[in-house]
Amino acid sequence: WDFGDGNYNYFSQNPTHSYSTSGIYPVVLTAISDFGCISKKEEEIIINKNPIAFFSTDSTSCIGDMVNFIDLSYSENNEIIKWEWEMGDGITIYDQNPVHIYNYPNLFDVSLTITSSGGCIGDTLIPSIVAVSDLPTASFDVSSSFASELNAEIEFYNNSLDAVNYFWDFDNGQYSEKKNPVVDFNNLGNYEVVLSVENNFGCIDEFRRIVHITPEYSIYIPNS
């Protein structure tokens with residue numbers, strides 16, 4: 001056998017050969033009988049280039065975020081028809097451009113293996129490409145969940161953990177970025193107070209609580 005790339009095999013009837021580069025190779029089989037008769041057969045084989053696997057993604061995210069992966073792979077000879085993603089947390093996805101949610105904080109290695117229509121395979125592994133951060137914990141108490149309209153000043157006690165920024169929405173048109181604000185509710189009603197907190201990684205959590213402002217009734221007892 002003459003494989004056309006400078007390599008030969010003189011002994012095997014049905015050999016296996018690996019080509020190190022792509023190209024068109026003239027393969028020649030020379031057969032010799034017991035009587036010394038010679039016959040030759042030549043055929044060209046085409047060795048395609050392997051597809052190149054590559055991708056981009058959101059490098060930083062928080063627990064529960066949707067992380068987008070964009071396939072940037074290419075193939076010179078054949079169409080890419082199969083994608084296999086190993087997301088680093090035990091999950092395998094077969095979409096071209098997957099979206100994945102990580103449920104715990106860590107640095108995740110992500111790999112992509114692609115297959116072309118010619119059966120050629122390319123792969124890549126990018127270590128620690130996705131950094132997933134933990135969420136802060138939003139929480140607060142109030143000086144009173146039920147207050148009368150005559151004494152409607154409410155103190156808010158922030159119990160949040162691992163937070164550096166705070167944003168309060170008091171459901172009455174008032175807002176605050178203080179850690180422990182004091183708010184005077186001027187009108188009757190039930191107010192859903194929302195505290196949103198952010199940590200150093202930009203991850204956000206929120207906590208809600210209802211504050212009830214009730215009417216104050218006066219009872220008049222006339223003198224007999």
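Here a biologist and a modeller talk through a predicted protein model.

Biologist: Let's begin with the whole chain: how many helices and how many strands does the protein have?
Modeller: The model is predicted, so bear that in mind as we go. The chain has 224 residues, and 30% of them count as buried. As for secondary structure, the tally is 0 helices and 18 strands.

Biologist: What is the radius of gyration, and what does the globule rule give for 224 residues?
Modeller: The C-alpha trace spans about 145 × 25 × 25 Å along its principal axes. The protein is more spread out than a compact globule, because its radius of gyration is well over the value from the rule. The two values are 35 Å for the protein and 17 Å from the globule rule.

Biologist: What share of the exposed area do carbon and sulfur atoms supply?
Modeller: The protein exposes about 14,400 Å². Of that area, the part supplied by carbon and sulfur atoms is 48%.

Biologist: Among contacts between residues at least 6 apart in sequence, what percentage join residues at least 24 apart?
Modeller: A contact here needs heavy atoms within 4.5 Å. With pairs at least 6 apart in sequence as the pool, the part that joins residues at least 24 apart is 50%.

Biologist: Now the sheets. In the open sheet of 3 strands, which strands stand at the edges?
Modeller: The strand order is β11-β13-β16, with antiparallel pairing. An edge strand has a single partner, so one side of it is left without a neighbour in the sheet. Neighbouring strands of this sheet are turned by 25° against each other on average, direction ignored. The strands at the edges are β11 (140–142) and β16 (182–184).

Biologist: Which residue of β13 is the bridge partner of Val 142?
Modeller: β11 pairs with β13, residues 153–158, in the antiparallel sense over 3 bridges. Across from Val 142, the partner in β13 is Phe 156.

Biologist: Which are the edge strands of the open sheet of 5 strands?
Modeller: This sheet runs in the order β12-β18-β17-β14-β15, and its pairing is mixed. An edge strand pairs on one side only, and that description fits β12 (146–148) and β15.

Biologist: Within that sheet, which residue of β17 stands opposite Tyr 166?
Modeller: β14 and β17 run antiparallel and are joined by 5 bridges. β14 has a covered face, made of Tyr 166 and Trp 168, and an uncovered one with Asn 165, Phe 167 and Asp 169. Opposite Tyr 166 in β17 stands Val 197.

Biologist: And on the β15 side, which residue is the bridge partner of Trp 168?
Modeller: β14 and β15 pair in the antiparallel sense over 2 bridges. One bridge links Asp 169 with Tyr 175. For Trp 168, the partner in β15 is Ser 176.

Biologist: What phi does Asp 171 take in the hairpin of β14 and β15?
Modeller: The hairpin has 5 residues between its strands. Asp 171 is partly exposed, with a relative accessible area of 42%. Its phi is positive although the residue is not glycine, with a value near 65°.

Biologist: Is Asp 162 buried or exposed?
Modeller: Asp 162 lies in the loop between β13 and β14 (165–169), and its phi is also positive, near 60°. Exposed means over 50% relative accessible area. Asp 162 has 63%, so it is exposed.

Biologist: Turning to Asn 199, is it buried or exposed?
Modeller: Asn 199 sits in the loop between β17 (189–198) and β18 (204–214). Leaving aside neighbours within four places in sequence, its contacts include Asp 134, Pro 136, Asp 162 and Val 164. Buried means under 20% relative accessible area. Asn 199 has 7%, so it is buried.

Biologist: Which backbone nitrogen does the side chain of Asn 199 reach?
Modeller: A polar contact is a pair of N or O atoms within 3.5 Å. The side chain of Asn 199 reaches its partner at 2.9 Å, and that partner is the backbone nitrogen of Cys 203.

Biologist: Finally, how far is the backbone nitrogen of Ser 12 from a polar atom of the side chain of Asn 9?
Modeller: Asn 9 is found in the segment before β1 (23–32). Leaving aside neighbours within four places in sequence, Asn 9 is in contact with Trp 1, Phe 3 and Pro 15. The distance from its side chain to the backbone nitrogen of Ser 12 is 2.9 Å.

Technical notes:
Residues are numbered from 1 along each chain as its sequence is written. This is a predicted model: local features need pLDDT of at least 70, side-chain atom pairs count only at pLDDT 80 or more; totals for chains, interfaces and linings use all residues. Side-chain values use heavy atoms; hydrogens and water are left out. Two strands pair if DSSP finds at least two bridges between them. Helices (H or I, at least four residues) and strands (E, at least two) are DSSP runs, numbered from the N terminus. Axes are lines fitted to C-alpha atoms, for helices over the stretch in contact, and angles run from 0 to 180 degrees between N-to-C directions. Buried means under 20% relative accessible area, exposed over 50%, partly exposed in between (1.4 Å probe, protein chains only). A polar contact is a pair of N or O atoms within 3.5 Å; within protein, one must be able to donate a hydrogen and the other to accept it, and residues adjacent in sequence count only if both atoms are side-chain atoms. The radius of gyration is taken over C-alpha atoms; the globule rule is 2.2 Å times the number of residues to the power 0.38. Accessible areas come from the Shrake-Rupley method with a 1.4 Å probe; for residues, only the protein chains shown count as cover.
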